[in-house]
Amino acid sequence: MMINGLTVASVVWPLLVASSATAADIDGNWARGDGKAKVLIAPCGENICATNTWIKPGTPKEKAGDRLIMDIKQTEAGSYSGTAFDPQRDKSYRITVTINGNGMTTKGCIVAGLLCKGINWTRID
């Protein structure tokens, strides 16, 4: 179908590609803002996992290979919300993730949302 000389596919396809690229915003390698950890975020089964790929020597309670399993859904472009499970500590959290370009902020809450902590991340190669 043509609209003003453009096919519907030429108009719709870029929107579909942009939509799937947005859904993949979270995937990739990230460095924690305090310089003490690097993670790989990628699908793992039906969830998304953040796996420690590097931990600064001397950082307590963390090691390479530790994994956070996130059951999150995209709520809007660059924003995700849901739950996360930390099997190393046997704890579950409410989590929100906000991505803006090469920056990401994660916010995890426990105790009915009364205790929350936010962490900034930067995308790395």
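**Exercise 1. The largest pocket**

Find the volume of the largest pocket and describe its lining.

Step 1. The model is predicted, so local features need pLDDT of at least 70 and side-chain atom pairs count only at pLDDT 80 or more, while totals for chains, interfaces and linings use all residues. Residues are numbered from 1 along each chain as its sequence is written, and side-chain values use heavy atoms, with hydrogens and water left out.

Step 2. Take the volume: the largest pocket comes to about 920 Å³. A pocket is an open set of points, on a 1 Å grid over the protein atoms alone, where a 1.4 Å probe fits, with protein on both sides within 12 Å along at least five of seven lines; lining residues have an atom within 4 Å of a point. Grid points are joined across faces, edges and corners, and the volume is the space filled by probe spheres set on the points.

Step 3. Turn to the lining, which holds 33 residues. Nearest the centre of the largest pocket lie Arg32, Leu68, Asp86, Tyr93 and Ile119.

Step 4. Assign the lining to elements. Two or more residues come from each of β4, β5 (47-55), β6 (67-76), β7 (79-86), β8 (91-100), β9 (103-110) and β10. The most come from β9, with six residues. Strands (E, at least two residues) and helices (H or I, at least four) are DSSP runs, numbered from the N terminus.

Step 5. Sort the lining by class: 18 residues are nonpolar, four are polar and eleven are charged. Nonpolar covers Ala, Val, Leu, Ile, Met, Phe, Trp, Tyr, Cys and Pro; charged covers Asp, Glu, Lys and Arg; the others, Gly among them, are polar.

**Exercise 2. The chain as a whole**

State how many helices and strands the chain has, and in which order they come.

Step 1. Count the elements: there is one helix, and there are ten strands.

Step 2. Read along the sequence to get the pattern β-β-α-β-β-β-β-β-β-β-β.

Step 3. Add the burial: of the 125 residues in the chain, 25% are buried. Buried means under 20% relative accessible area, exposed over 50%, and partly exposed in between, with a 1.4 Å probe and protein chains only.

**Exercise 3. Strand β3 and its two partners**

Which strands pair with β3, and in what sense?

Step 1. Locate β3 at residues 28-32, where four of the five residues are buried.

Step 2. Look at β4 (residues 37-44), which pairs with β3 in the antiparallel sense over four bridges. Two strands pair if DSSP finds at least two bridges between them. Ala31 has Lys38 of β4 as its bridge partner. Four residues lie between the strands of this hairpin, and Gly35 there takes a positive phi near 75°.

Step 3. Look at β10 (residues 115-124), which is antiparallel to β3 and joined to β3 by four bridges. In β10, Arg123 stands opposite Trp30, and Thr122 stands opposite Ala31.

Step 4. Follow Lys38 further: Lys38 lies over the face of Trp54, 5.3 Å from the ring centre. Such a placement requires NZ of Lys or CZ of Arg within 6 Å of the ring centre and within 35 degrees of the ring normal.

**Exercise 4. From β6 to β10**

Trace the pairings of β6 with β7, β7 with β8, and β9 with β10.

Step 1. β6 and β7 run antiparallel, joined by seven bridges. Gln74 stands opposite Tyr80 of β7. The hairpin has two residues between its strands, and Gly78 in the turn has a positive phi of about 80°.

Step 2. β7 and β8 are antiparallel and share eight bridges. Ser81 has Thr96 of β8 as its bridge partner. Four residues lie between these strands.

Step 3. β9 and β10 also pair in the antiparallel sense, over eight bridges. The bridge partner of Thr105 is Asn120 in β10.

**Exercise 5. Positive phi outside glycine**

Are Lys61 and Asp90, each with a positive phi, buried or exposed?

Step 1. Lys61, in the loop between β5 and β6, has phi near 65°. Its relative accessible area is 75%, so Lys61 is exposed.

Step 2. Asp90, in the loop between β7 and β8, has phi near 55°. Its relative accessible area is 61%, so Asp90 is exposed.
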